[in-house]
Amino acid sequence: MSGELLLPTGQDKMEVEQQSVEYFKKCLQEDPDISVPLAAIKTLIRVIQISDTGTLSGLSDCLKSVIKQLKENAENSVTSITSGCELLLRFITLAAQDALLSKDFSTCKRVLVERGEFFLQQAENSRQKIAQLSQKFIQNGSVILTHSMSRVVVQLLLEAAKNKTFSVYVTESRPNSRGEDLHHLLTANNIPCKVILDSAVGYMMERMDMVLLGAESVVESGGIINKIGSYQISVMAKTMNKPVYVAAESFKFLREYPLKQKEVPNPFKYNTKEDGHPSVDYTPPSYIALLFTDLGVLTPSAVSDELIKLYL
């Protein structure tokens, strides 16, 4: 890819961080379909590959400082970067311990890169797997409400549109109006779609057969952290007996256990200053019917068991 990350011997920590951020942004610019956490994972693998550090602890410190910088440059995706990077580090660390027993550090780094690339390949295949697993829940003639813009939701709907007819309503999703982006994408693929005001969700809910949400992160309780407004949509859906389904890749599973909005860490909620509007909210598991993941179709109560397996 153009804009390769180069870290010549002797480069200081600040230069490493700066070039890592540039590589991260380049990944997002060159591939509009790549999600922010996948771009972060690609960046970390690249750092491992060409870093001149000579110890595992030094490499770990380098990766942690790069992750911190990526979070500061990711705007609304701090939670998904956190979960994706944590899982990557856990996945490759298991290989590092075995590799260090009998091999030199350069060989160890090669093993880490191979493990990282395997993790990335699995993550990149997640959306298609989710799209296939969820098809039986989309029926002919369904009317679906979704919120903001989610790439995995898009793939799910595009897959369903191959042999089913349905219509989609998407919230405007202020303040950045990402719902408009989803509307353009779906209509370009001949899927009937209308944009509604965020404040019109209660009025429109009675027409819906289901609510389909993406997620920035899935927390240990089986609840989700997602674009602001997801919680109130889910509350209204529950009140009117409409199922809420969530589509999310397993690299978005996060080791956090908030019980209410205030317990979601502030760095996840606010882009800049704490006195601004939160960019995400927390939807408790009691409002979610099922989660469509690459690990299978899960009930919210099954998420904690899957998280334990991921970190074993």
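# Close-up views of strands, rings and charged pairs

**View A. Strand β7 and its partner strands β4 and β10.** Strand β10 (residues 290-293) runs parallel to β7, and three bridges join the two. This is a predicted model, in which local features need pLDDT of at least 70 and side-chain atom pairs count only at pLDDT 80 or more, while totals for chains, interfaces and linings use all residues. Residues are numbered from 1 along each chain as its sequence is written, and side-chain values use heavy atoms, with hydrogens and water left out. Strands (E, at least two residues) and helices (H or I, at least four residues) are DSSP runs, numbered from the N terminus; two strands pair if DSSP finds at least two bridges between them. Within the pairing of β7 with β10, Ala247 stands opposite Phe292. Strand β4 (residues 210-213) also pairs with β7 in the parallel sense, over three bridges, and here Leu213 stands opposite Val246. In a regular strand, side chains alternate between the two faces of the sheet. Both faces of β7 are covered, with Val244 and Val246 buried on one side and Tyr245 and Ala247 buried on the other. Buried means under 20% relative accessible area, exposed means over 50%, and partly exposed lies in between (1.4 Å probe, protein chains only).

**View B. An open sheet of four strands.** The strand order is β8-β5-β6-β9, and the pairing is mixed. Strands β8 (253-254) and β9 (280-283) stand at the edges with a single partner each, so one side of each has no neighbour in the sheet. Strand β5 (residues 217-219) pairs with β8 in the parallel sense over two bridges, and Val218 stands opposite Phe253 in β8. Helix α10 (residues 230-239) packs on the sheet and touches β6 (224-227) and β9, where contact means heavy atoms within 4.5 Å. The direction of α10 makes about 35° with that of β9. Such axes are lines fitted to C-alpha atoms, for helices over the stretch in contact, and the angles run from 0 to 180 degrees between N-to-C directions.

**View C. Aromatic pairs of Phe91 with Phe119 and of Phe137 with Tyr245.** The structure holds six aromatic pairs. The rings of Phe91 and Phe119 have centres 5.4 Å apart and planes at 45°, so this pair is tilted. Rings of Phe, Tyr and Trp (its six-membered ring) pair if their centres lie within 6.5 Å; planes under 30 degrees apart count as stacked, over 60 as edge-to-face and the rest as tilted. Phe91 belongs to helix α4 (residues 78-102) and Phe119 to helix α5 (residues 105-124), so that the pair links distant parts of the chain, 28 residues apart. Phe91 and Phe119 are both buried. A further tilted pair is formed by Phe137 and Tyr245, at 5.6 Å centre to centre and 55° between the planes. Here too distant parts of the chain are linked, with Phe137 in the loop between α6 (126-133) and β1 (143-146), Tyr245 in strand β7 (residues 244-247), and these positions 108 residues apart. Phe137 is buried at a relative accessible area of 19%, and Tyr245 is buried at 12%.

**View D. A ring cluster, and arginines over rings.** Phe91, Phe118 and Phe119 are linked into a cluster by ring pairs. Over the ring of Phe91 sits the charged end of Arg115, 4.0 Å from the ring centre. The charged end of Arg255 sits over the ring of Tyr311, 3.9 Å from its centre. A charge sits over a ring if NZ of Lys or CZ of Arg is within 6 Å of the ring centre and within 35 degrees of the ring normal.

**View E. Salt bridges of Glu114, Glu306 and Glu249.** A search of the whole structure finds six salt bridges, each defined as a side-chain nitrogen of Lys or Arg within 4 Å of a carboxyl oxygen of Asp or Glu. Glu114 forms a salt bridge with Arg110, with the closest N and O atoms 2.9 Å apart. Both residues of this bridge, Glu114 and Arg110, lie in helix α5, four residues or about one turn apart. Glu114 is partly exposed at 44% relative accessibility, and Arg110 is partly exposed at 43%. In the bridge between Glu306 and Lys309, the closest N and O atoms are 3.5 Å apart. Glu306 and Lys309 are three residues apart in helix α12 (residues 303-311), about one helical turn. Glu306 is buried at 14% relative accessibility, whereas Lys309 is exposed at 53%. Glu249 and Lys252 form a salt bridge with closest N and O atoms 3.2 Å apart, and both are buried. A network of salt bridges links Arg127, Glu249 and Lys252.
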